[in-house]
Amino acid sequence: MFAAPPFAAACLFLLAMTPVCLWVAATDLRDMKIRNVAVYTTAGIFVFLGLAVLPPEVWAWRWVNFAVVLAIGFALFAFAGFGAGDVKFVSVAALFVSHEPGQISLAMICLSVGLLAGLGLHQLLKRLPALTRATSGWRSWTAKRTPAGVGLALALWIYLALAVLAAG
């Protein structure tokens, strides 16, 4: 099995996931939903690209991330009102997080930064009259809650971008 050098693997993951992250953010802003097809696409990218660029044992262990985050997410969905799409997306996003020392902590920092930045960005964007007029059908502008998909997608993108910088 081929394993790409860390820089190449990081670049490929970032390149493949950038349009998906933009798609997740945009659909959550528009519909207040993260579509299953975005979750399946994210998982598919990790399954096929991950198998091509990661050592098999690393690829296999990443599924522990998925299982742990899905279990925690399911509890948050059941008892704390988290969105199902948010839980599914963050679970498949966890597949991209390395088990190297410090990487889980880095991922949690990226998640915090991404969610806070997503909240701030949403609050800023919904106060721009030209933008809200141009996107008048977007549900997030009038919703009582903030779409978490913006922050979740941003968190994954930041983590992958930092992986490129660290590997380069």
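Ring pairs link F13, F46, W59, W63, F66 and F96 into a cluster. Two rings of Phe, Tyr or Trp (its six-membered ring) count as a pair if their centres lie within 6.5 Å; planes under 30 degrees apart are classed as stacked, over 60 as edge-to-face, and the rest as tilted. This is a predicted model, in which local features need pLDDT of at least 70 and side-chain atom pairs count only at pLDDT 80 or more, while totals for chains, interfaces and linings use all residues. Residues are numbered from 1 along each chain as its sequence is written, and side-chain values use heavy atoms, with hydrogens and water left out.

**Aromatic pairs**

By this rule the count comes to 8 aromatic pairs. The pair of W63 and F66 is edge-to-face because the ring centres are 5.7 Å apart and the planes stand at 70°. Both residues lie in helix α3, 3 residues apart, about one turn of the helix. Helices here are DSSP runs (H or I, at least four residues), numbered from the N terminus. W138 and W141 form a stacked aromatic pair, with 5.9 Å from centre to centre and 15° between the planes.

Burial is described by relative accessible area: buried means under 20%, exposed over 50%, and partly exposed in between (1.4 Å probe, protein chains only). W63 is partly exposed at 27%, and F66 is partly exposed at 23%. In the stacked pair, W138 is partly exposed at 24%, whereas W141 is buried at 10%.

**Nonpolar core and surface patch**

A nonpolar core is a set of buried Ala, Val, Leu, Ile, Met, Phe, Trp, Tyr and Cys residues joined through side-chain atoms within 4.5 Å. The largest such core has 37 residues, and those with the most contacts inside it are M17, F89, F96, L156 and L160. Two or more residues are given to this core by each of α1 (6–31), α2 (36–53), α4 (84–93), α5 (103–125) and α7. Its largest share, 10 residues, comes from α1. Where contact means heavy atoms within 4.5 Å, L160 touches F13, L14, M17 and F96, not counting residues up to four places away in sequence. F96 is also one of the residues in the ring cluster.

On the surface, W61, V64, V68, I72, F74, L76, F77 and F82 make a nonpolar patch of about 800 Å². Patches are made of residues with over 30% relative accessible area and no salt bridge; like charges are joined within 9 Å and nonpolar side chains (Val, Leu, Ile, Met, Phe, Trp, Tyr) within 5 Å. The accessible areas come from the Shrake-Rupley method with a 1.4 Å probe, and for residues only the protein chains shown count as cover. Within the patch, V68 lies in helix α3 (residues 56–80) and is partly exposed at 44% relative accessibility.

**Salt bridges**

Side chains of opposite charge can pair when their charged atoms come close. A salt bridge is a side-chain nitrogen of Lys or Arg within 4 Å of a carboxyl oxygen of Asp or Glu. A search of the whole structure finds 2 salt bridges, listed below with their N to O distances.

| Acidic residue | Basic residue | N to O distance |
|---|---|---|
| D31 | R30 | 2.9 Å |
| D31 | R35 | 3.0 Å |

Through shared partners, these salt bridges join R30, D31 and R35 into one network. D31 is buried, with a relative accessible area of 14%. R30 is partly exposed at 35%, and R35 is partly exposed at 35%.

**Loop residues and the start of α1**

M32 is placed in the loop between α1 and α2. This residue has a positive phi of about 60° although it is not a glycine, and M32 is buried at 10% relative accessible area. M32 is among the contacts of S140, which also include D28, L29, R30, H122 and P147 when neighbours within four places in sequence are left aside. S140 lies in the loop between α6 (129–134) and α7 (148–167) and is buried at 0% relative accessibility.

F7 lies in helix α1 and is partly exposed, with a relative accessible area of 39%. Although F7 and A166 are 159 residues apart in sequence, their C-alpha atoms are 8.1 Å apart in space. Leaving aside neighbours within four places in sequence, F7 is in contact with V164, A167 and G168.
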